[in-house]
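Colleague: Hi, I'm new to this one. Could you walk me through it?

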Amino acid sequence: MSVGHIFIILIPIFFVIILGFLGGHFKVFNSASSKGLNTLVTKFALPAHLFIGITTTSKQTLIDKWPFFITMFLGIIGFYVILLLVLRLGFKKDLNRSSIFSLNATQPSFAFMGIPVLGSLFGAAEVAIPIAITGIVVNALLDPIATIVSSVGKKTQAGQKDGHPENLLKLTVHSILHGLREPLACVPLLGVVLTMFGFHSPELLQSSLDQIGSITSGAALFAIGVTIGLNRIQFSANAISISVLKVVGLPILTYVLALAFGLSSKDITMAVLLVSFPGSAVAAMIASRFETLEVETASSFVISSVLSLISLPILISILL
């Protein structure tokens, strides 16, 4: 694919992001309305879109995607674990800080950029299952794991001063259930289960869910722009490191794993691009929840978004 064709695909995408940025920068949107946009996309529009995409797919197609799931699982969870161990054992950082750094260097904004970017390259129907798989790995596995590790780190850091240590098993179960309650995890998972039992969405259900699912692309891109516009950038070592690891380190690991598991060239491209998108606003919100690296993670979201202007065209030209 020529560089000119790549930019023709990406320019409308970044145009909508810039519109959102202007809305956030000039305070047309505030943090509350930005959160509302994010909620619309992650809890309603994208889950509806993915559910229809999955339940209009054959059972055999889902079975054939098993290597893709393994690749995304090992790539995303593996990268988080590697960074966590390096920071904890190599740089002697505390467990909570190591977990938050690793989470933000790993989690991509697949929910916001997956449909517009991959959909432009392969068609919206082709990318529903890969995006759903990524959603299950991130929301049902990565976020709960990072939450558990950070919670343990917080408790250890506090030295159990209150004398009432939280039960680790209870914390683990609660975090996993919380992750599964997220629509981006439970709705695709429900779609997979139904399809494996032979369910196929009727046309009426498709038309109904498409009413909300069809807004996913534009709303998601605009929401990213608003979030960038509202955040101030701090060019700290942590923010830059998170951003570079996100748009360079994780895509390289995923590419190697995709080759090792024999994925098709199309699946390799989708797997690599899904993890090469900018950092996730959700991961930055988890950092705020634990009051750790808050400014750095917000800054890395903006920096990685800018870096993706360079990295995405390069990756697309190499992979296609």
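Modeller: Sure. A word on helices first: helices (H or I, at least four residues) and strands (E, at least two) are DSSP runs, numbered from the N terminus. Trp66 and Phe69 are three residues apart in helix α4 (residues 66–90), so about one helical turn separates them.

Colleague: Before we go on, what kind of model is it?

Modeller: This is a predicted model, where local features need pLDDT of at least 70, side-chain atom pairs count only at pLDDT 80 or more, and totals for chains, interfaces and linings use all residues. Residues are numbered from 1 along each chain as its sequence is written, and side-chain values use heavy atoms, with hydrogens and water left out.

Colleague: OK. How many aromatic pairs does a search of the whole structure find?

Modeller: Three. Rings of Phe, Tyr and Trp (its six-membered ring) pair if their centres lie within 6.5 Å; planes under 30 degrees apart are stacked, over 60 edge-to-face, and the rest tilted. Phe29 and Phe222 make an edge-to-face pair, because their ring centres are 5.4 Å apart and their planes sit at 70 degrees.

Colleague: Where are Phe29 and Phe222 in the chain?

Modeller: In distant parts, 193 residues apart: Phe29 is in the loop between α1 (3–25) and α2 (31–55), while Phe222 belongs to helix α11 (residues 216–230).

Colleague: And the rings of Trp66 and Phe69, how are they arranged?

Modeller: Their planes are at 25 degrees with centres 5.4 Å apart, so that pair is stacked. Ring pairs also bring in Phe73, giving a cluster of Trp66, Phe69 and Phe73.

Colleague: Is Trp66 buried or exposed?

Modeller: Trp66 is exposed, with a relative accessible area of 53%. The cut-offs: buried means under 20% relative accessible area, exposed over 50%, partly exposed in between (1.4 Å probe, protein chains only). Phe69 is partly exposed at 22%.

Colleague: Switching topic: which residues touch the most other members of the largest nonpolar core?

Modeller: The core has 77 residues, and those touching the most other members are Ile17, Phe68, Met72, Ile76, Met113, Leu118 and Leu274. A nonpolar core here is a set of buried Ala, Val, Leu, Ile, Met, Phe, Trp, Tyr and Cys residues joined through side-chain atoms within 4.5 Å. Helix α7 (residues 124–158) gives the most to this core, with 11 residues.

Colleague: What does Ile76 touch, leaving aside neighbours within four places in sequence?

Modeller: Its contacts (heavy atoms within 4.5 Å) include Thr106, Val138 and Leu250.

Colleague: What about Ala132, buried or exposed?

Modeller: Ala132 is buried, at 2% relative accessibility. It is in helix α7 and touches Leu50, Ile54 and Pro188, not counting residues up to four places away in sequence.

Colleague: Now the empty space. What volume does the largest pocket have?

Modeller: About 1,000 Å³. On a 1 Å grid over the protein atoms alone, a pocket is an open set of points with protein on both sides within 12 Å along at least five of seven lines, whereas a cavity is a set where a 1.4 Å probe fits but cannot get out; lining residues have an atom within 4 Å of a point. Points are joined across faces, edges and corners, and a volume is the space filled by probe spheres set on them. The largest pocket has 43 lining residues, with Ala281, Val282, Ala284, Met285 and Ile286 nearest its centre.

Colleague: And how many cavities of 30 Å³ or more does the structure hold?

Modeller: One. The largest cavity has a volume of about 40 Å³, and α15 gives the most to its lining, with four residues.
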